[in-house]
Amino acid sequence: FEAGSKRKYGAVKREPVGVVLAIAPFNYPVNLSASKIAPALIGGNVVIFKPPTQGSISGLLLTQVFAEAGIPAGVFNSVTGKGSEIGDYLIEHKEVNFINFTGSTPIGEKIGKLAGMRPIMLELGGKDAGIVLEDADLENAAKNIVAGAFSYSGQRCTAIKRVLVMDSVADKLAELIKEKVEKLTVGDPFDNADITTVIDTPSADFIEGLIKDAQEKGAKALTTVKREKNLIWPVVFDNVTTDMRIAWEEPFGPVLPIIRVKSVDEAVEIANKSEYGLQSAVFTKNFPLAFEIAEKLEVGTVHINNKTQRGPDSFPFLGIKGSGAGVQGIKYSIESMTRVKSIVFDI
């Protein structure tokens with residue numbers, strides 16, 4: 001109870017929003033499903049879970065785990081099918097009170113329009129920048145950039161998708177990145193290869209289109225440019241310029257552009273010109289400057305001297321601009337999927 005006046009008292013509580021629609025992506029079909037489902041249930045909601053079309057088996061196994069844990073029938077429900085068919089039907093259904101989606105920015109924008117006045121939480125694409133200053137530990141920067149760019153073959157919204165490096169150290173950084181990328185193994189996931197096939201042929205075709213555009217406009221490939229069906233070898237491009245598609249578009253694959261800049265201001269300007277605003281990384285030994293840059297970057301999270309990454313599920317995770325809406329993380333997700341009710345009474 002909160003005292004509003006000598007004769008008024010207010011009780012403020014949270015209550016469920018009702019039916020939560022959770023739509024998960026293919027790249028982390030268990031984690032990015034559970035991180036939606038569990039907070040929704042904790043908040044007292046009923047959940048309709050739509051697993052990714054290209055990850056439905058994982059989603060159904062997760063559903064089985066929830067059933068075995070004792071979640072009553074009807075409280076947690078799974079529906080499989082193509083997003084363009086069953087997904088749109090569920091999104092527009094009048095009984096759905098909240099939509100929690102992870103996926104591409106174009107689909108997220110479509111969901112925003114279909115949702116109307118209903119609350120949504122969107123985790124969308126990114127074009128995360130790794131900004132490298134002159135005084136950075138270049139070995140550490142290269143290690144984290146390669147890990148951040150090529151983990152899961154680059155099929156992560158939080159992958160480092162462009163490097164903005166000061167021209168004075170660009171040659172050295174590019175050589176370090178090249179050396180590390182050449183050590184990555186390419187092949188079958190059952191052989192624990194670092195780089196494996198991307199999710200489907202349209203994705204591979206899109207990535208190849210970005211590669212060809214960069215080559216045609218003068219980017220310098222530091223590694224082998226090669227494709228076999230949906231398997232794309234990791235590519236690092238140096239001397240990328242802002243007229244190239246790869247400077248702005250999200251490949252969602254194993255391609256990393258290096259853009260040389262002459263100042264911190266130029267790096268921040270290019271980073272912020274993106275339609276996305278998920279995360280960025282800053283590599284420098286000058287921590288006051290790192291924090292100053294972090295304040296200027298239009299993103300949800302800035303990592304200093306480390307790769308861009310999701311972090312623990314208890315930590316806030318968010319994107320701005322075309323990278324999403326709302327804040328995830330256990331506490332924040334529960335708050336988002338409950339609503340405040342105030343009861344005020346006189347005595």
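**Backbone oddities, ring pairs and a buried isoleucine**

Lys229 turns up in the loop between strand E11 (227-228) and strand E12 (231-232). The model is a predicted one, and in it Lys229 has a positive phi of about 55 degrees despite not being a glycine. With a relative accessibility of 74%, Lys229 counts as exposed. Lys321 is another non-glycine residue with a positive phi, here near 50 degrees. Lys321 belongs to strand E19 (residues 320-321), and its 38% relative accessibility makes it partly exposed.

Aromatic rings come next. Searching the whole structure turns up five aromatic pairs. One of them joins Phe26 and Phe252 edge-to-face, with 6.1 Å centre to centre and 75 degrees between the planes. The edge-to-face label follows because the planes are over 60 degrees apart. Phe26 sits in the loop between strand E3 (19-23) and helix H1 (31-42), while Phe252 sits in the loop between strand E13 (235-238) and strand E14 (255-261), so this pair ties together parts that are 226 residues apart in sequence. The two rings fall on either side of the 20% cut-off for buried residues: Phe26 is buried, at 18% relative accessible area, whereas Phe252 is partly exposed, at 22%. Elsewhere, Phe49, Phe66 and Phe76 are linked into a cluster by ring pairs.

Rings also show up under charges. The charged end of Lys226 sits over the ring of Trp233, 4.4 Å from the ring centre. A similar arrangement involves Arg310, whose charged end sits over the ring of Phe317 at 4.3 Å from its centre.

Out on the surface, Tyr9, Ile343, Phe345 and Ile347 make a nonpolar patch of about 340 Å². Tyr9 comes from strand E2 (residues 8-16) and is partly exposed, with a relative accessible area of 30%.

Ile293, by contrast, is tucked away: its relative accessibility is 1%, so it counts as buried. Ile293 is part of helix H9 (residues 287-296). Setting aside neighbours within four places in sequence, Ile293 is in contact with Leu133, Val264, Val268 and Val282. As for Ile195, 98 residues separate it from Ile293 in sequence, and the two are 32 Å apart in space, C-alpha to C-alpha.

Technical notes:
Residues are numbered from 1 along each chain as its sequence is written. This is a predicted model: local features need pLDDT of at least 70, side-chain atom pairs count only at pLDDT 80 or more; totals for chains, interfaces and linings use all residues. Side-chain values use heavy atoms; hydrogens and water are left out. Helices (H or I, at least four residues) and strands (E, at least two) are DSSP runs, numbered from the N terminus. Buried means under 20% relative accessible area, exposed over 50%, partly exposed in between (1.4 Å probe, protein chains only). Contact means heavy atoms within 4.5 Å. Rings of Phe, Tyr and Trp (its six-membered ring) pair if their centres lie within 6.5 Å; planes under 30 degrees apart count as stacked, over 60 as edge-to-face and the rest as tilted. A charge sits over a ring if NZ of Lys or CZ of Arg is within 6 Å of the ring centre and within 35 degrees of the ring normal. Patches are made of residues with over 30% relative accessible area and no salt bridge: like charges are joined within 9 Å, nonpolar side chains (Val, Leu, Ile, Met, Phe, Trp, Tyr) within 5 Å. Accessible areas come from the Shrake-Rupley method with a 1.4 Å probe; for residues, only the protein chains shown count as cover. A salt bridge is a side-chain nitrogen of Lys or Arg within 4 Å of a carboxyl oxygen of Asp or Glu.
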